Amino acid sequence: MDSLFVGQADWPRGRTVVALLATLSLSAHGQEAALDVLTVTASGVRRAAPPGLGAINLSEAEIAATRAGVADSSQLLRDVPGMSMYGAGGISGLPAIRGMADERLRIQVDGADLMAACPNHMNPVLSYIAPSKVAEITVYPGVAPVSVGGDNIGGVIQVRSAPPLFAGSPVEVGASGTLGTYYHSNGHAVGYNAGVEWVGQNINLSYSESQARSGNYRAGGDFKPVAKGREDGAPIAGDVVASSGFAGAHNREVGLALRQARHVLQLTAGEQQVEFEGFPNQRMDMTNNRNTVINLRYFGDYDWGAVEARLSDQDVRHRMDMGRDRYSYGTGMPMESKAHTRNGALQATINPTERDLLRLGGEYQSYILYDWWPPVGGVMAPNAFWNVDYGRRHRSDVFGEWEAHWQSAWTTLIGVRGTRVTTDAAAVQGYDNGLAAAWGNDAAAFNGRDRKRADNNWDFTALARFVPDRTARYEGGYARKSRAPSLYQRYPWSTNPMAALMNNFVGDGNGYVGNPDLRPEVAHTVSLTGDWNGPQKADWSLKATAYYTYVEHYIDAQRCDSGQCSAENLTRTDGFVHLKYANQRARLYGIDLAGAKELGHLDGLGSFSVTGLFNYVRGENTATGDNLYNMMPPNAKLALRNRAAGWTSTAEMLLVKGKRDVSEVRNEIPTAGYGLLNLRSSYQWTMARLDVGIENLFDKRYALPLGGAYVGQGASMTTGGVPWGYVVPGRGRSVNVALNLNF
C-alpha cells in the first residue's frame with residue numbers, strides 16, 4: 001500500500017517536505033493506488049493518482065489561474081463542466097451542479113460540514129473560506145460515492161486548504177510565508193491575504209488571514225431608471241447595482257499539526273467577521289456575520305489500511321437589516337439568527353486484498369437554530385417575532401463501500417448508506433399575538449400541531465470505469481440519493497406578506513411559507529461519461545457526459561392559498577407572489593462537454609492551445625408541467641491560450657443563450673442571450689506571480705440568467721414596494737490586478 005506521506009525535493013531552498021494525505025482514500029479517489037496521495041511541490045498541491053470514480057478535480061495550478069479575478073470562492077468553480085452559480089452577495093455565490101444548488105448539494109470545507117444560519121442563506125458554506133486559502137477542489141456531480149457524503153441529491157463539493165508540511169531532517173526546519181493583494185476597478189474592490197508557517201520534523205504551526213471590501217459594481221449600461229435608494233438618499237445611477245458591495249470581510253485561522261510516524265493530528269481554529277454585505281436579489285442586507293469554526297482531524301496509515309476521524313464545532317451569529325441603498329422606514333427591519341453545528345465522523349479504509357478496497361464509516365451532525373426579529377414599533381411590537389425558535393436538525397449516518405480493481409481495464413464501486421434525520425422546532429410568537437389577523441392566528445395554528453419529524457433515508461451508488469487503453473476512458477453509474485428537508489423549508493410559519501418575503505433563499509423576490517409535512521427528496525440518477533485523448537495526452541482531449549435524474553417528492557413551490565395570502569396571489573403573472581413549499585416530482589437531464597487541443601509552437605511567440613466547454617441542462621416539474629426555477633440556459637466557453645517566456649495569456653469568449661424556459665409559479669423573469677470577451681495574463685517567477693486581466697472587455701450590458709430578481713434598492717420590505725421585471729445584471733468592464741508572493 002502507498003505510504004501516507006511522500007517526500008519531495010523541489011520545495012524552495014532545497015527543503016524536503018512531507019505532505020499530509022488530506023483526503024485519504026476515504027473519498028474514493030485513485031485508480032490503481034489504494035490511497036490517493038497528495039504531494040506538495042513548489043507550485044502547490046497535486047495528486048499522485050488520478051481523480052476517483054465520478055470525480056472532477058481542480059489542482060492548485062488550475063485554481064491559481066482563476067483566483068486573481070474573484071473575491072468569492074464559489075467562482076473558483078466556474079470552469080467545471082456542468083457548474084453554474086446562483087447570484088447572491090459579493091462573497092456568497094451559490095454553486096449549482098447540473099441544475100441543483102444550495103442545500104441539494106453537500107459542500108465541505110476541510111472535511112467539515114458547515115451550515116448556513118439565515119432565512120436568505122446569506123452565509124453559505126463557501127463564503128467561510130477565502131479564495132486565497134483554497135488549494136484543491138474535488139467535485140462529484142450527481143452519481144457520487146456514498147463514502148463522500150449523504151443527505152444530498154445533486155452532488156458533493158469538497159474544498160481543501162493546503163495540507164501541513166513536515167521537514168525531512170533537522171537542517172530543513174524553518175519558516176515560510178505568503179503575501180498577496182488584488183484590485184478590481186469595477187466596484188473598486190481591494191483585498192489582501194497573508195500567511196506564515198513553521199515547518200518542523202514532527203510539528204507544523206500556521207497562521208493565515210485575509211480581508212476584502214468592495215463598493216457597488218456597475219453593469220455595462222443602464223438597466224433600470226435612476227431612482228433614490230433610501231428615503232433621504234441621493235439618486236442611484238441606472239447602471240449601478242445597488243446593495244452589491246461588501247465591507248470588513250476578515251478571515252483568520254491558526255493551525256497546529258503533529259506527526260508521529262504514520263499518524264497526523266491536525267487542529268485548526270478560524271474566525272470570519274463580515275461587517276456588511278449587500279444582496280441585490282434579497283429584500284435586505286447582511287449587517288454583521290461572525291462565524292467561528294474549530295476543526296480537529298486525525299489521519300492514520302496502518303498496514304491494513306487507513307483511518308480518518310473528524311470533529312468540528314461551528315458557531316454563527318448573524319444580523320440583517322436595511323442597508324444604505326434601501327428604505328429604512330424610520331426604524332429599520334432588524335433580523336437576527338444564531339446557530340450551533342457539531343459534526344463528527346469516523347472512516348476506515350481497509351485493504352483485504354490487492355484487488356479490493358473497503359470503506360466503512362459513520363457520521364453525526366447536530367444543528368440548532370434560533371431566528372428572531374426584534375420589535376421596532378407599530379404592528380411590529382412589542383415582542384420579538386420568532387421565525388424559528390429552537391430549531392433542531394440531527395443527522396446520523398452509517399455506510400459501507402466496496403471498490404474493486406478487477407484488472408487493468410476495469411474498476412467498480414458499490415456502496416450503501418443509511419441516514420436518519422430528525423427535525424423539530426419550539427412554539428413561536430408574532431410581534432403581537434393579540435393581533436390575530438396579522439400574527440396570532442398563524443402562530444396558534446403552528447403551535448397547535450405536532451412539529452417533530454423523523455426521516456429514515458437510504459442511498460445506493462454503483463459505478464464502473466473501463467479503460468481499454470491510454471487514449472480512452474469510460475465511466476457509468478446509477479445513484480439513488482435522498483435528502484431530508486431543511487429547517488427553513490419546514491418551519492417558517494407566517495403567511496403575513498412581509499414575513500413571507502423575509503424567507504427566501506433562491507433570490508426570486510417572492511415570499512415563502514414553510515411546510516412541516518414535507519417529505520424527503522429522493523433522486524434517481526444515471527450518468528455516462530466518455531473521455532478520449534491523443535497518444536500524447538497533452539495533444540488533445542475530449543470529455544462528454546450525459547445524465548438523467550428523476551426526483552420523487554421534489555421540493556418545489558405552489559401559490560399560497562391560505563391565511564393572509566390574497567386571491568390575487570393565485571393568478572398574478574406580472575409581479576411578486578407568495579408561495580408555499582410543496583412536494584412534487586421533477587426530472588433533470590443534460591450534457592456536459594469539455595475539450596482541449598494543442599495548436600503548436602511559433603518561434604518568438606511561444607506555444608498555443610485552445611480549450612472549450614459546453615453545458616446544457618433542462619429541468620421540468622412533471623407534476624405541474626412547469627419549468628424548474630433557475631435552470632442555466634445552454635452556454636459555451638472558448639479560450640485561446642498562449643505560453644511564452646514566463647507569461648501565460650488567455651483570450652476567453654463566453655456565449656450564453658437566452659433563458660426562455662422559466663418557472664411560471666414563481667413569475668421567473670426571462671433573460672436575453674449574450675456574449676462576453678475576457679482577457680487575462682499572468683507572469684510566474686520562482687517566488688511570485690502577477691495576474692492582470694480585463695473582464696467584459698467591451699462593457700457589455702447583460703442580465704445574469706441565475707442572478708435573480710433585482711430588489712436591491714427602495715422600499716424592498718413590501719411586495720409591491722419595488723418594481724417587478726428587473727433581473728440582477730452582470731458586471732461591466734473591470735480591470736483586475738493581483739500580486740502574490742511566496743517566501
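What follows is a tutor and a student talking through a predicted model and the reasons behind its labels.

Tutor: Ground rules before you ask: this is a predicted model, so local features need pLDDT of at least 70, side-chain atom pairs count only at pLDDT 80 or more, and totals for chains, interfaces and linings use all residues. Residues are numbered from 1 along each chain as its sequence is written, and side-chain values use heavy atoms, with hydrogens and water left out.

Student: Okay, R104 then. Why is R104 called buried?

Tutor: Buried means under 20% relative accessible area, exposed means over 50%, and partly exposed is in between, with a 1.4 Å probe and protein chains only. R104 has a relative accessible area of 13%, so it counts as buried.

Student: Where does R104 sit in the chain?

Tutor: In the loop between β8 (100-101) and β9 (105-109). Strands here are DSSP runs of E with at least two residues, helices are runs of H or I with at least four, and both are numbered from the N terminus.

Student: What makes the link between R104 and E521 a polar contact?

Tutor: You need a pair of N or O atoms within 3.5 Å; within protein, one must be able to donate a hydrogen and the other to accept it, and residues adjacent in sequence count only if both atoms are side-chain atoms. The side chains of R104 and E521 are joined at 2.7 Å, so that pair falls within the 3.5 Å cut-off.

Student: Which other residues does R104 contact, beyond its neighbours within four places in sequence?

Tutor: Contact means heavy atoms within 4.5 Å. Besides E521, the list for R104 is N152, I153, G154, G155, R483, Y554 and I555.

Student: G155 also turns up in a strand. What is its bridge partner?

Tutor: L105 in β9 pairs with G155 in β11.

Student: How do you know that β9 and β11 are paired?

Tutor: Two strands pair if DSSP finds at least two bridges between them. Five bridges join β9 to β11, and the two run parallel.

Student: What kind of sheet do they belong to?

Tutor: An open one of four strands, in the order β5-β10-β11-β9, with mixed pairing. β5 (56-58) and β9 each have a single partner strand, so they stand at the edges, with one side of each left without a neighbour in the sheet. On average, neighbouring strands are turned by 10 degrees against each other, direction ignored.

Student: How does helix α1 lie relative to that sheet?

Tutor: Helix α1 (residues 60-67) lies across β5 and β10, at about 105 degrees to β10. Axes are lines fitted to C-alpha atoms, for helices over the stretch in contact, and angles run from 0 to 180 degrees between N-to-C directions.

Student: D691 touches A64, which is in my notes. What else does D691 touch?

Tutor: Not counting residues up to four places away in sequence, the others are A68, S681, S682, N736, V737 and A738. D691 lies in strand β37 (residues 688-695), and at 7% relative accessibility D691 counts as buried. The side chain of D691 also makes a polar contact of 2.8 Å with the side chain of R689.

Student: Now the oddities. Why is a positive phi at D151 worth flagging?

Tutor: Most residues other than glycine have a negative phi, and most peptide bonds are trans. D151 is not a glycine, yet its phi is about 55 degrees. D151 sits in the loop between β10 (134-141) and β11 (155-161), and at 12% relative accessibility D151 is buried. N630 has a positive phi too, of about 60 degrees, and at 3% relative accessibility N630 counts as buried.

Student: Which peptide bond is cis?

Tutor: The one from A381 to P382, with omega near 10 degrees. P382 lies in the loop between β24 (356-373) and β25 (385-405).

Student: Last one: how do you know that C560 and C565 form a disulfide?

Tutor: A disulfide is a pair of cysteine sulfur atoms within 2.5 Å. The sulfur atoms of C560 and C565 are 2.0 Å apart, so the pair meets that cut-off. The link is right-handed, with 85 degrees about the S-S bond, and both C560 and C565 are buried. By this rule the count comes to one disulfide.
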